[in-house]
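Me: I should like to understand the terms used to describe a protein structure. Please set each term against its criterion.

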Amino acid sequence: IQGGDDDVFELKQSVRASASVYKKITPEKFNTFHAWAKGGWSIFPGENWMDFYMAYTYSYQFLLEQLQEARSFQPHKPVILGETHYEGNDNVTSETLRRYAYTTLLCGGAGHTYGNKDIWIYTMFWRDALGSEASHHMRNIRNFMDKMPWWEMEPAKFDDVFRKREDEWRVCRIDTVSDFIPSAFSREHNI
């Protein structure tokens with residue numbers, strides 16, 4: 001991962017040089033860029049050394065926008081939510097972490113990272129944090145997603161959501177981020 005919580009505008013050439021050397025020495029390793037609170041592709045758009053895109057946000061609306069933007073690029077590259085909320089930090093709940101994880105995977109992302117404040121800053125409670133509520137939820141998400149070909153799913157767009165009408169589920173337009181329910185469909189529409 002090049003960068004790290006920094007947009008490095010004045011160091012762009014240094015990052016490019018570093019990524020080029022890294023690709024030459026270890027071509028089997030993946031490269032990306034960790035920008036400050038946005039997708040790394042926004043700093044280095046269309047650059048060949050980026051093997052996957054890293055999204056970074058603490059805003060649900062920005063998450064949706066970043067996922068949709070990353071999917072629009074050609075050639076298509078995987079996008080991973082590389083940094084977002086940490087469990088136990090600023091009253092972040094396991095519900096928030098589940099929402100970001102499911103949204104990332106159901107809206108076209110290839111992965112999601114999970115963080116816990118006590119592990120991140122290595123407090124005296126770090127061992128307890130290994131068995132926290134959200135860490136169990138992340139395992140449940142993995143078990144659920146492993147049962148289907150999620151990488152072949154077509155994500156619903158932000159302005160679509162399922163609502164039940166007259167005993168039938170239909171896709172309807174929504175107007176606010178708070179109404180959004182992440183969903184995806186198999187190409188055959190049987191999942």
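Me: Why are α2 and α3 called roughly parallel to each other?

Reply: In this predicted model, helix α2 (residues 60–72) packs with α3 at an angle of about 15°. Angles under 35 degrees count as roughly parallel, and α2 and α3 are therefore roughly parallel to each other. Their axes are 10 Å apart, and the crossing is right-handed.

Me: Which residues of α2 and α3 meet, and what makes a contact?

Reply: Contact means heavy atoms within 4.5 Å. On the α2 side the residues are Tyr60, Leu63, Leu64 and Leu67; on the α3 side they are Arg99, Tyr100, Thr103 and Thr104. The residues of this contact divide into five nonpolar, two polar and one charged. Arg counts as charged and Tyr and Leu as nonpolar.

Me: How do you know that α3 and α6 are roughly parallel to each other?

Reply: The angle at which helix α3 (residues 94–106) and helix α6 (residues 133–145) pack is about 25°. The cut-off is under 35 degrees, and α3 and α6 are therefore roughly parallel to each other. Their axes lie 9 Å apart. As α3 passes α6, the crossing is right-handed.

Me: Which residues make the contact of α3 with α6, and how do they divide?

Reply: From α3 come Ser94, Leu97, Arg98, Ala101, Tyr102, Leu105 and Leu106. From α6 come Glu133, Ala134, His137, Met138, Ile141, Phe144 and Met145. These residues divide into ten nonpolar, two polar and two charged.

Me: What makes β3 and β6 edge strands?

Reply: The open sheet has three strands in the order β3-β4-β6, with parallel pairing. β3 (53–56) and β6 (111–112) each pair on one side only, and they are the edge strands.

Me: How do you know that β3 pairs with β4?

Reply: Two strands pair if there are at least two bridges between them. Four bridges join β3 to strand β4 (residues 79–83), and the criterion is therefore met. The two strands run parallel, and Tyr53 stands opposite Val79 in β4.

Me: Which elements have the lowest and the highest mean pLDDT?

Reply: Strand β9 (residues 160–165) has the lowest mean pLDDT, 47, and β3 the highest, 92. Over residues 161–166 the pLDDT is below 50, although the stretch has 21 contacts in the model beyond near neighbours in sequence. Where pLDDT is low, the predicted coordinates should not be read in detail. The chain averages a pLDDT of 82, and 85% of the residues score at least 70.

Definitions and conventions. Residues numbered from 1 in each chain as written. Predicted model: local features only at pLDDT ≥ 70, side-chain atom pairs only at ≥ 80, totals over all residues. Heavy atoms only, no water. Axes fitted to C-alpha atoms, helices over the stretch in contact; angles between N-to-C directions. Parallel < 35°, antiparallel > 145°, perpendicular 65-115°, else oblique. Left-handed = near helix turned anticlockwise from the far one by under 90°. pLDDT = per-residue confidence, 0-100.
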